[in-house]
Amino acid sequence: MSTTKNIREAIDHTLDRWEAAATAMEESIRGTTAAMTAQIQTQKEMAATATDKLKEAVETAQHVPAETRQQIAANLDHLKVQLALGKADAADAANAQRKEIEDAVKRVENQVDQMGQQVNEEIKKALTTWAGTEQQLRHQLELAAVRFKHEAEDQHSQLQAKQQEMLGHVKTFRDNLQKQQETAAQKSSEFADDMHTAFKQMQEAFRKLGSSGSGG
């Protein structure tokens, strides 16, 4: 299994990862679009900082060929450019930014995976923080795109009417997370699969809010 896949699977086994996902969902339901946009900007800054830390870890790894270090650094710089682009203040903008960030991330991960055994502990540590941070950003952008779509279609009143129903989904998700924590089940791959499925169900329920007359 590749280095980056191992790291992402390890992140999926942590409670913090899923608690952050639940919080992002809750904020998308409760908060204003202005607050959501501000939160995304904050997460972008965190992702940029983590990107700098990863770049530093790669550049100081003298056992890695200079050309490889330079290529990864260049792709991390490209990712930072994407993170610095305009505010995600509409559905199209949020979706476009998420796609650009996702593409930039994949380029970095492909190069890291090609390093094989040259990935030392410092790089792995930086990769773990970076992967978790940018993953949370992409979640927020995806949720924001759905929320902006509802707003643009004048479905905000329907969104508010079904707010408690949606928050109930979040509570069920958190209760499941708590139960898993008490049984230490998060150490298994089954835990990660279950939480992925439950989170996708929450996302789908959120997408469908107020969309009964619009074809979703």
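1. R207 is partly exposed, with a relative accessibility of 30%. In this predicted model, the side chain of R207 forms a salt bridge with that of E142, at 2.7 Å from N to O. E142 belongs to helix α6 and R207 to helix α9, so the salt bridge ties together parts of the chain that lie 65 residues apart in sequence. E142, at 17% relative accessibility, counts as buried. The pair therefore joins a buried acid to a partly exposed base, given 17% for E142 and 30% for R207.

2. Helix α9, which carries R207, runs from residue 189 to residue 208 and comprises 20 residues. From its first C-alpha to its last, α9 reaches 29 Å, close to the 28 Å expected at 1.5 Å a residue. Its buried residues are F191, A192, M195, A198, F199, M202, Q203, A205 and F206. These cover an arc of only 160° around the axis, which puts them on the same side of α9. S189, E190, Q201 and K208, on the other side of the helix, are exposed.

3. Within α9, A198 may be considered separately. A198 has a relative accessible area of 17% and is buried because the cut-off for that class is under 20%. Its C-alpha is 9.1 Å from that of T172, a residue 26 places away in sequence.

4. How many salt bridges does a search of the whole structure find? The search returns 14. One of particular interest for the chain's long-range connections joins the side chains of E134 and R8, with an N to O distance of 2.4 Å. This pair links distant parts of the chain, E134 being in helix α6 (residues 121-152) and R8 in helix α1 (residues 3-12), 126 residues apart. Both partners are buried: E134 has a relative accessibility of 2%, and R8 has a relative accessible area of 15%.

5. R8 and E134 also take part in a network of salt bridges, in which they are linked with E102, E109 and R138. R8 is one of the buried residues of α1, together with T3, T4, I7, I11 and D12. The buried residues of α1 pack against α2 (15-30), α5, α6 and α9.

6. A salt bridge within one helix is provided by K99 and D103, whose closest N and O atoms are 2.8 Å apart. Both residues lie in helix α5 (residues 91-115), with a separation of 4 residues, about one turn of the helix. K99 is partly exposed, at a relative accessible area of 44%. D103 likewise counts as partly exposed, at 23% relative accessibility.

7. Which side chain of opposite charge is nearest to R69? It is that of E59, 7.8 Å away; R69 is buried yet has no salt bridge. The distance of 7.8 Å falls outside the salt-bridge cut-off, which requires a side-chain nitrogen within 4 Å of a carboxyl oxygen. A polar atom of the R69 side chain nevertheless lies 3.5 Å from the backbone oxygen of E59. R69 is found in helix α4 (residues 66-83). Leaving aside residues up to four places away in sequence, R69 touches V58, E59, A61, Q62 and V64.

8. K44, in helix α3 (residues 33-59), is a further buried residue without a salt bridge. The nearest side chain of opposite charge to K44 is that of D89, at 9.1 Å. With residues up to four places away in sequence not counted, the contacts of K44 are L83, L85, G86, Q97 and L137. A colleague examining charged side chains may wish to view K44 and R69 together, as each is buried and has no salt bridge.

9. A90 is located in the loop between α4 and α5. At 32% relative accessibility, A90 counts as partly exposed. A90 and A152 are separated by 62 residues in sequence, while their C-alpha atoms are 8.4 Å apart in space.

How values were computed:
Residues numbered from 1 in each chain as written. Predicted model: local features only at pLDDT ≥ 70, side-chain atom pairs only at ≥ 80, totals over all residues. Heavy atoms only, no water. Helix = DSSP H or I, 4+ residues; strand = E, 2+ residues; numbered from the N terminus. Buried < 20%, exposed > 50% of the residue type's maximum accessible area, 1.4 Å probe, protein only. Lys, Arg positive; Asp, Glu negative; His and termini not counted. Polar contact = N/O pair within 3.5 Å; in protein donor to acceptor, adjacent residues only side chain to side chain. Contact = heavy atoms within 4.5 Å. Expected span 1.5 Å × (residues − 1). Arc of directions from axis to C-beta.
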